[in-house]
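I opened this model to look up its metal sites and its overall build. My entries follow in the order I made them.

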Amino acid sequence: MPGRAVVNPPAVGMSLTIPPLLWERLQAHMFPGDDDEHGAIILAGLADGSRGPRLLARDLILAADGVDYVPGETGYRALTDDFVNRAIDRAEAEGLAYVAAHCHGGIASVSFSAPDMASHEHAYPAIVQMLDRPAGGLVLAREAAAGDVFFPDGTRSKLAEVVVPTRNLLRLRPEPAAPTGGSDPGYDRQSRLFGAAGQATLSEMRVAVVGLGGIGSILVELLGRLGVGHLVLIDPDKIDPTNLHRLPAARRLDAMTWLRHDGAPEFAKRLGELLSTPKTRLAARNVRRASRGVTVTRLRCDVADPRAVKALTQVDWIFLAADTNTARHVTNAVIQQYLVPGIQVGVSIPVADDGQVGEVHVAIRPLIPGAACQWCQELINPSELALEAQPHYVRQQARYVRELPAPAVMTLNTIAAGEAANYFMFSCVALHADDVDLDARTHFPRTRERDRQSAAARPRCRWCSAAPDSALALGSSRPVLPSADARDTRSTQRTVPSRNSR
Ligand SMILES: [Zn+2]
Ligand SMILES: [Zn+2]
């Protein structure tokens, strides 16, 4: 398949994730077209992943050819002691792991040379002792990567894969993954487009959907049919009679409509509410109907609940389909701190008090680790975020007016869910065009127009930049949310009206 990027399903074992912009700098430095070897040092945070420990690339120190990267005594080239020492000082000061990278020729496979391996045993255990953090080496070819990492407990581990969450979700191994045999014939028609490796990738993906309202519920239906292997479903709400018109395969019984109709006594309404199906259960039911092998994790809680936050740090992809500032803030923090890619979707249907309908629009925004985040794009309103953490009565006083339910229409939700699911699908199976951009899109269905918004990152953003106090790629070395934040949003989760259900 000419022009198609390498497709490897997620590998079990230790991985190194590199944010796309950092990867572009690393590629330009390693492969300028001279077919020579070049060197660099990656400073990385650490996290536990669902398949093994994760190294999270935070910053890159490029070695200047002939100055920092010079002819070696045993190997072809080596980093100078001075360059290495400066990098170790930074790793120590910032509490990061140390990974020295260089490149070899070749394309689809790569391995360390004998002199490389000898130098690892000589150098890395000493660096591990100095840092009390992992240290190791990485060698890159055009479409392959191998790594050798030493840990403070004396163990040593090969890198199973390098992950780059870019336009096509890159997973580089020392050699291409062996072809998967005996794929599910039920996916034959999809595999004809995705390839067996693409379908296998989807079946190994661990995907979170935050918010199972009008858009999230359609997303789950689509992801289940695509054959995504593990879904993490997060929503605190139960199904309400006013949800039935936009939740796929929801039944009147799920909303206990017979107990909750207008003329029913109050106790019957309350009982009906109690017995109604949680949105997580409906979504799980729909997924299992689509696929037998799927694993579903249901989290009936707010996204700021520690269980949800923990689960989000362990997924390969996040769909954000909940329209609160809290949901945006929490997912943004996880995406930047744990380098998990994602996409945000929303539908806005402005209707004025006099019934005038404004500019109906549907937004689809890729969320990219290390690139302009939701704070940089001004998608999170700090005063609204603070207000969402307050008890209900405080919110009502602050807004003076009672919040009315926003209009919601399933057909508009399908635009958001369809485009976001396609973006995910093309990314996983590496079928995005080479020149596709990662900008946000807004559809205006009433005029059938479509806009593109490119965002600039703030140079010192405390989430997506590598500025000294930022969270980027720090992984488990600090909490995702400052504890006061997390406590506030948790304690008020029941009183915050959900706007997830658009
Ligand atoms: Zn080498
Ligand atoms: Zn930012």
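I began with the zinc ion (ligand 2). Its site is tetrahedral, with angles of 99 to 123° among the four donor atoms. For four donors, tetrahedral requires all angles between 85 and 135 degrees; square planar requires opposite donors over 155 degrees apart and all others between 65 and 115, the rule also used for six donors as octahedral, and anything else is irregular.

I noted the source next. This is a predicted model, where local features need pLDDT of at least 70, side-chain atom pairs count only at pLDDT 80 or more, and totals for chains, interfaces and linings use all residues. Residues are numbered from 1 along each chain as its sequence is written, chains are lettered from A and ligands numbered from 1 in written order, and side-chain values use heavy atoms, without hydrogens and water.

Which residues hold the zinc ion (ligand 2)? I found the SG atoms of Cys-373, Cys-376, Cys-461 and Cys-464, lying 2.3 Å from the ion. Donors here are N, O and S atoms within 2.8 Å of the metal (3.2 Å for Na, K and Ca); water is not among the atoms, so sites may look incomplete. Along the chain I read the spacing C-x2-C-x84-C-x2-C. Cys-461 and Cys-464 are both buried (under 20% relative accessible area; exposed is over 50%, partly exposed in between; 1.4 Å probe, protein chains only).

I moved to the zinc ion (ligand 1). His-102 (NE2), His-104 (NE2) and Asp-116, listed twice through OD, coordinate the ion at 2.0 to 2.7 Å. Why is this arrangement irregular? The four donor atoms subtend angles of 52 to 155°. The sequence spacing is H-x1-H-x11-D. His-102 sits in strand β6 (residues 97-103) and Asp-116 in helix α3 (residues 114-131), so the pair ties together parts 14 residues apart in sequence. His-102 counts as buried at 10% relative accessibility. Asp-116 is buried too, at 13%.

Last, I checked the whole protein. I logged 14 helices and 18 strands (DSSP runs numbered from the N terminus: H or I, at least four residues, for helices; E, at least two, for strands). The radius of gyration is 24 Å, which agrees with the value near 23 Å for a compact globule of 502 residues (C-alpha atoms; the rule is 2.2 Å times the number of residues to the power 0.38). The C-alpha trace spans about 90 × 50 × 45 Å along its principal axes. Of the 502 residues, 55% count as buried.
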